[in-house]
Amino acid sequence: MFRNFKMVSKVVFGRGCFAQLGDILQEKRPGREAVMVFLVDDVFENGRLIDRLPLNDADCLIWVNVDDEPKTDYVDRLTRQIHAFMADRPDALPSGVVGIGGGSAMDLAKAVSLMLTNQGSAADYQGWDLIRQPAVYHAAVPTLSGTGAEVSRTTVLTGPRKKLGINSDHTVFDQIVLDPEMIADAPDPQRFYTGMDCYIHCVESLTGTYLNSFSRAYGEKALDLCREVFLGDPADGDDRLMMASYCGGMSIAYSQVGICHALSYGLSFVLGLHHGIGNCVAFDTLEAYYPEGVREFRQMTARRGIDLPRRLTAGISQEQMETMLDVSLMLEPLWENALGKNWKTVMTRDRIRDLYLQM
Ligand SMILES: NC(=O)c1ccc[n+]([C@@H]2O[C@H](COP(=O)([O-])OP(=O)(O)OC[C@H]3O[C@@H](n4cnc5c(N)ncnc54)[C@H](O)[C@@H]3O)[C@@H](O)[C@H]2O)c1
Ligand SMILES: [Fe+2]
């Protein structure tokens, strides 16, 4: 069976295109009372962005906090908040949800748009194709580039027992607004860590057993763009990084990520490490599996003056280590993509423990 996957229906790209967001959303508002929900990363709360948001009087603006990566109970709380906001309005549901921020804010927007139309808790839907009802219209404006969350069919959530996405065709955004000016002020090291998420997506996709020409085409392009951005200093680096993220996301849509991501999910679940930095820490230990990729990654790290945190697992308890191993081993498709169908004979629990102990 070949994957028949849903893609983002509408894309606008270009410097300054954020100014078009108002017109784009206007088409989705059935009337003056229609409510658009804006979920915006609270890092922008005291900046100039608020003056540029195309807010109507009826709209609902929620500043979302992503100090912790998105959790299922946070998604449930936001969903309840929006239902309460809608309670005394003519429509039961908002006309749309717009996420503005990095991968975390975009994932929150995806998850909330799904949970507005699906009963229960977001935790009930962590997995593959468990969502039954289409989401409300949802759009995204990335302010960091690298995760590929703008194009993927998942929203990655940490639940009570696992870190796992809500993967479904309904998760995919209806609209993305790719404005390189929106990532211009993202500071290092965050910009670097999120950019490396894209670089690692490409290395894992291009060296994986699931690779096909579709994934290769996007993966190679994204890898080249990452090299141009992080080993050079092109004037249009933000434009290139934004397209790298898009292409990297498209590459893994038809393949899969690999060992680094499997390890990084365990790190995030137990230590609360954010995805980009967790990937960098994990990737640095994987020279045996991705020799060229890791060498080039170290060049980029040195060139950008990035100091990776060390000895993260030194003080953890036995129980934490076992949880980390459980979370990582749950991600079977990632291991299989990296190491083939017989991956369990190559990658034992002890081998993974050794890798974690190097971090
Ligand atoms: N859905 C997917 O396909 C997918 C893929 C990979 C990762 N993810 C998820 O994405 C998240 C990681 O996303 P990320 O790396 O983009 O970072 P993020 O969204 O977690 O943000 C990291 C930090 O940067 C800040 N920030 C965002 N934009 C900024 C800007 N322009 N200027 C200054 N600060 C800014 C945020 O407030 C936050 O403090 C994780 O939750 C991960 O699980 C999702
Ligand atoms: Fe990633």
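**Exercise 1. Work out how far helix α7 is covered, and check its length.**

*Step 1.* Start with burial: eleven of the 13 residues of α7 are buried, where buried means under 20% relative accessible area, exposed over 50% and partly exposed in between (1.4 Å probe, protein chains only). Helices here are DSSP runs of H or I with at least four residues, strands are runs of E with at least two, and both are numbered from the N terminus.

*Step 2.* Name the buried positions: Ile-259, Cys-260, His-261, Ala-262, Leu-263, Ser-264, Tyr-265, Gly-266, Leu-267, Ser-268 and Val-270.

*Step 3.* Now the length. The expected span is 1.5 Å times one less than the number of residues. For the 13 residues of α7 (residues 259–271) that gives 18 Å, and the end C-alpha atoms are 18 Å apart, so the two agree.

*Step 4.* Look just past the helix: Gly-272 takes a positive phi of about 70°.

A word on the model before going on: it is predicted, so local features need pLDDT of at least 70 and side-chain atom pairs pLDDT 80 or more, while totals for chains, interfaces and linings use all residues. Residues are numbered from 1 along each chain as its sequence is written, chains are lettered from A and ligands numbered from 1 in written order, and side-chain values use heavy atoms, without hydrogens and water.

**Exercise 2. Find the surroundings of Lys-110.**

*Step 1.* Place the residue: Lys-110 lies in helix α3 (residues 103–115).

*Step 2.* Look for a charged partner. Lys-110 is buried yet has no salt bridge, and the nearest side chain of opposite charge, Asp-107, is 4.1 Å away. A salt bridge needs a side-chain nitrogen of Lys or Arg within 4 Å of a carboxyl oxygen of Asp or Glu. For charge, Lys and Arg count as positive, Asp and Glu as negative, and His and the chain ends are not counted.

*Step 3.* List the contacts (heavy atoms within 4.5 Å). Leaving aside neighbours within four places in sequence, Lys-110 touches His-138, Ala-149, Ser-152, Thr-154, Thr-155, Thr-171 and Phe-173.

**Exercise 3. Identify which residues come nearest to ligand 1.**

*Step 1.* Of the 28 residues around ligand 1 (a heavy atom within 4 Å), Asp-41, Gly-103, Ser-104, Ser-152 and Thr-194 come nearest.

*Step 2.* Add the distances between N or O atoms. An oxygen of the ligand is 2.6 Å from such an atom in the side chain of Ser-152, and an oxygen is 2.8 Å from one in the side chain of Asp-41. For Thr-143, a ligand nitrogen is 2.8 Å from a side-chain N or O atom.

**Exercise 4. Trace three of the salt bridges in the structure.**

*Step 1.* The whole structure holds 24 salt bridges. In one of them, Asp-239 pairs with Arg-15, with the closest N and O atoms 2.7 Å apart. This pair links helix α6 (residues 237–253) to the loop between β1 (10–13) and α1 (21–26), 224 residues apart. Asp-239 counts as buried because its relative accessibility is 16%, whereas Arg-15, at 45%, is partly exposed.

*Step 2.* Arg-191 pairs with Asp-238 at 2.9 Å between the closest N and O atoms. The partners sit in α4 (residues 190–206) and α6, 47 residues apart, and both are buried.

*Step 3.* Asp-233 pairs with Arg-303, the closest N and O atoms being 3.3 Å apart. This bridge joins the loop between α5 (213–231) and α6 to helix α9 (residues 291–303), 70 residues apart. Asp-233 is exposed at 59% relative accessible area, and Arg-303 is partly exposed at 40%.

Conventions. A polar contact is a pair of N or O atoms within 3.5 Å; within protein, one must be able to donate a hydrogen and the other to accept it, and residues adjacent in sequence count only if both atoms are side-chain atoms.
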